[in-house]
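Me: Can you walk me through this model? I'd like to go topic by topic.

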Amino acid sequence: MSDKIGIYVCECGPNIASKVDIERIVAEISALEDMKDIELVVKPYKLLCSVAGKAYLEEEIKANNLTHLVCAACSPRDHDSTFKEVCKKAGLNPYMYKIVNIREQCAWIISDKEEATDKAIQYIHSGIDRVLYQEPLIEKQLESNPDVLVIGGGIAGMESALNLAGKNRRVFLVERAEELGGKTVHFKKLLPRQGITASSIQNKISEVNKNPFIKVFTSTELDKIVGFLGNFEIILKNNQSGEETELLAGAVVLANGSKEADPLDFQGNEYTQDDEVYTALEIEKMYNETGKITLKNGEIPNSVALVHCIGRKEVGYCSKICCNYLVKIADYLKEQSEKTEITDLYDDICVPDKEDQEYYEKVMTQVESVRIINSRVEGNKLHYTEISGKESVLKPDMIILASALLPSEENVHFADILNIDQHESGFFLESHIKIKPVSTNTDGVFVVGSTRGACGISDAVLQAQAAAGNILTQLIPGQKIVPEVMVSEILEAYCTGCQTCLEVCVFGAIYFDEERGISVVNEAICRGCGTCVGSCPSGSIRTRHFTNPQIYQEVKEALRKC
Amino acid sequence: MDPKETVLVIGSGIAGMEASLMLSKAGKKVYLVEKLPLIGGNVIKTGESFPNMECSTCLVAPIQQEILQDKNIEVLTVSNVQSVGGEAGNFDVTILKKARYVNISACLGCGMCYPVCPVSQPNNWEQGLIEKKAIYVECAGSLPNVPVIDSKLCLRLNGTEECNLCTEACMFAAIDFSEQDELIEIKAGAIIAATGFDTIDATEIEQLGYGKYPGVFTAYELERLLASNGPTEGKLRLRDGETKPETAAIIHCTGRDLVGYCSNVCCSYAARHAHFMKEKLPEIKIYDIYTDLCLPDKHYQKLNTEIRKTKSTYIYQSEPDKLNIEEINGKLKINYLDNQGTTSGLEVDMVILTTAIKPASGMPEIADILGINLDKYGFLQTQEGSIGSICTNRSGIYAVGCAEGPKDIPSSVVQSSAAVAQVMNLLES
């Protein structure tokens, strides 16, 4: 069948018609037929996106047996998908069509009608040249596995598992320690405004253990993983027996937590285990295990200094939860003995949830608050500079330090095998800071809880549910997934096997075929960003629908008069 | 329609839009109800968003377009939920869809109708900085790009029959005065309340001089002055529309004591404000007057540090409630207690108040209609005694985004995605 291109010029009511010369466009574009020696159908229409307009276009495609379609209309943002749908209905492959924007880019911005018309003609001409080089693309459907691998058996991991597991979806919950629970099992009380005690964590653990659709692997680590959304192949390894388990899953939730920094790494702090200096987590554990906060001699301290923001400047971020948990510790101390004198040395107070401030203010009435700009622990002594610039020293019975939360050391390993990016802090990077907060740059891999960035329990739980929300709506049991078709392909004959493309691909979509000595694109992972195309020294990669000839043809004509 | 396959989302801000799109992708029918004539919520008022200084329109417009083109999502603008009966899995919902008087499928958004309208009114969406007509879109780029007629002010709708100017200007016969308010009854299996927030009225804090001195602005007024589709097309000018401010001070925590909580986002957007004020007017001298910096995300402190190095001088004030502003010879003088506890003064041309976030107006009515509780601040109350919950006291109804309390965009999206998980599980059971 020979090529026959339909060019339909939308008048958009008066929006285009009153600002460009439609008649001249039709005449000049029709004249290209002879020049290019191809068959053209060129027609104006008053409003292509209207119901009547779409029906008209569908009928025109069928009646004229069009092989290509160009719609000279508005911004693709408005109606690209509208006309693609029309193509599909009319039996024309939608990748054989192109929208040309003669409204926003011509009619609306050029006051001189002739000039606007010239530009519109040039754009349509360039659209025709491009569409002639376009190729039909066919969408493929892939089977997908609805099961989910959750890494980390802390509060976030457990919450994700509980929200995901069901009769049509199994969850594999992997915890490298011997027990589920993560850090929260060390807490006697969660912040009182949350109204629950550690027992609810135990309830959650038993809920997970009882759930028939959750398989728990303790003392186990993720050894290998390959694949993509809907199809991950996984090998788990027991860190005691060395036993390996092979699994298949469709998505991964990473909830491997964070750790408390050692205060000795920061601010010139110097003390030993003999000094009465503790981190907040040590105090939590002590209070949880003994029901008391005591000095090494077993006595209740008469005076305690709470110090905020240890390491904040060094790590470069606020750990978000410290102001709140120091209030909780002050509350524990006052509950234990009203006589304990507490000095709270703070930098900025960060209490960002709606009920935090009230709790802070309530507890802090019983505490001496001092605004400082720096502090240093030396043995049992605390040196600090007040906001006024005054240097002071305090020697309380006990010093409690709110040390920064650090990313887990395993993150480098996870970043590597899951192909996800880390933020400069070492926490994981979301695929979009604002609108994709628990997604990563690998589709189907989600990060939740404090491995995504310092956060409290409420946030961790909500993020865990959010990842579940994403998976429940993306991986529906029995439903196939349709990967992007405008993806890269590597021309075997030209590939020299230099592997530059592997390095630049942020999605991990390219692998190296050792046997053939060439790079290969995994079409299920590729998103068609084109980075590899630009990086390839031998020019052997092309992105479908954005090939060099297609772009050259379009640009050549668009710039012809420049 | 099977109620198990249908979800009602109230509020079309970022939280409501994200939840709607996720549910639609899973094949659910979504009714997205928005009280205003445009979707997008408060995010679209900001020219850019922190911490990446990304253009908000570029971020949100594709999401808005996707919503409007999604066949599973029925967007009901200028609409309110009137009543909610039934129970989780099977709610009976009545929605009042008010007449827009402009046919949404016939209108192309060409904008010929509003210049000819003889009636003007303040544009509250633009923070009252400019006026709009009785037939209007709130700003350039409103989506859906279809005007609405204010039935209280339109001459024709109020008996002045002869006015036909907008109808004459419209070449698509889209103006339809016969349109009536409509009651729509639907069944829904679950409801997500994403009704957003307002900010406090800055005149409530008299000592700051807002409303009295023209040089004092709220943060949202500044947002609109910085936005390219705002009243000054992105030019930073004082209220006369001409004078460039040479000095400006951003006052943090405005109204924090009044509302009793931290609004979570102000410290970060203040950094963005300083960045863009400096970009618009490189000669401007900017000060930030603060007490505590709240930067609760791995990205935020770095932004603050950078801004402090290059864009703004940060001044610590020890007692925010002692700060007051007076006007002396056309200059604003800010009196505050410094780090020594002594009174200091700072003279500037422009003051920006980071007004606290408060529950959206009409929140008690919404809570009443939905049969759910408000917390002591007036935000939607989520279940007590459970951690990180977005469940309200009425099963099947979830509270997300700033309707639940002040938060940044990622936290709002986290909540709305969390609600989607609850909805999917509820409707499957």
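**Cores, sheets, cysteines, domains**

Me: Which residues touch the most other members of the largest nonpolar core?
Reply: Met277(B), Ile334(B) and Met350(B) do, in a core of 98 residues. Keep in mind that this is a predicted model.

Me: Which helix gives the most to this core?
Reply: Helix α12 of chain A, residues 322-336, with nine residues.

Me: And what is Met277(B) in contact with, leaving aside neighbours within four places in sequence?
Reply: Leu222(B), Leu226(B), Leu236(B), Ala248(B), Ile284(B), Ile286(B), Met350(B) and Ile352(B). Met350(B) is thus on this contact list and is also one of the three residues named for the core.

Me: What about another core, apart from that one?
Reply: There is one of 81 residues. Its members include Ile435(A), Val9(B), Val43(B) and Tyr398(B).

Me: Change of topic, the open sheet in chain A. What is the strand order?
Reply: β2-β1-β3-β4, four strands with parallel pairing. The edges are β2 (39-45) and β4 (97-101), each of which pairs on one side only. On average, neighbouring strands are turned by 15 degrees against each other, with direction ignored.

Me: How many bridges join β3 to β4(A)?
Reply: Five, with β3 (residues 68-73) of chain A running parallel to β4(A). Within that pairing, Leu69(A) has Tyr97(A) as its bridge partner in β4(A).

Me: Which helix packs on the sheet?
Reply: Helix α2 of chain A, residues 22-30. Helix α2 touches β1 (4-10) and β2 of chain A, and its direction makes about 175 degrees with that of β2(A).

Me: Over to chain B. Where do the side chains of β13 point?
Reply: From β13 (residues 190-193) of chain B, Ala190(B) and Ile192(B) point one way, while Ile191(B) and Ala193(B) point the other way. In a regular strand, side chains alternate between the two faces of the sheet.

Me: Are those four buried or exposed?
Reply: All are buried.

Me: What does β13(B) pair with?
Reply: Strand β1 (residues 6-10) of chain B pairs with β13(B) in the parallel sense over four bridges, and there Val7(B) stands opposite Ala190(B). Strand β24 (residues 397-399) of chain B also pairs with β13(B) in the parallel sense, over three bridges. In that pairing, Ala193(B) stands opposite Ala399(B).

Me: Now cysteines. How many disulfides over all chains?
Reply: Zero.

Me: How far is the nearest cysteine sulfur from Cys267(B)?
Reply: The sulfur of Cys253(B) is 5.7 Å away, and Cys267(B) is in no disulfide. The cut-off for a disulfide is sulfur atoms within 2.5 Å.

Me: Is Cys267(B) buried or exposed?
Reply: Cys267(B) is buried, because its relative accessible area is 6% and the limit for buried is under 20%. Cys58(B) is partly exposed, at 48%.

Me: Last topic, domains. How is chain A divided?
Reply: Into domain 1 (4-137), domain 2 (148-257 + 408-474), domain 3 (262-404) and domain 4 (488-544). The C-alpha centres of domain 1 and domain 3 of chain A lie 69 Å apart.

Me: And chain B?
Reply: Chain B has domain 1 (3-98 + 181-196 + 360-428) and domain 2 (201-356). Their centres, taken over C-alpha atoms, are separated by 32 Å.

Me: How many residues of these two domains are in contact?
Reply: 16 residues of domain 1 of chain B are in contact with 20 residues of domain 2 of chain B.

Terms used. Residues numbered from 1 in each chain as written. Chains lettered and ligands numbered in written order. Predicted model: local features only at pLDDT ≥ 70, side-chain atom pairs only at ≥ 80, totals over all residues. Heavy atoms only, no water. Domains from an automatic or database assignment. Core = buried A, V, L, I, M, F, W, Y, C linked by side-chain atoms within 4.5 Å. Buried < 20%, exposed > 50% of the residue type's maximum accessible area, 1.4 Å probe, protein only. Helix = DSSP H or I, 4+ residues; strand = E, 2+ residues; numbered from the N terminus. Contact = heavy atoms within 4.5 Å. Pairing = 2+ DSSP bridges. Axes fitted to C-alpha atoms, helices over the stretch in contact; angles between N-to-C directions.
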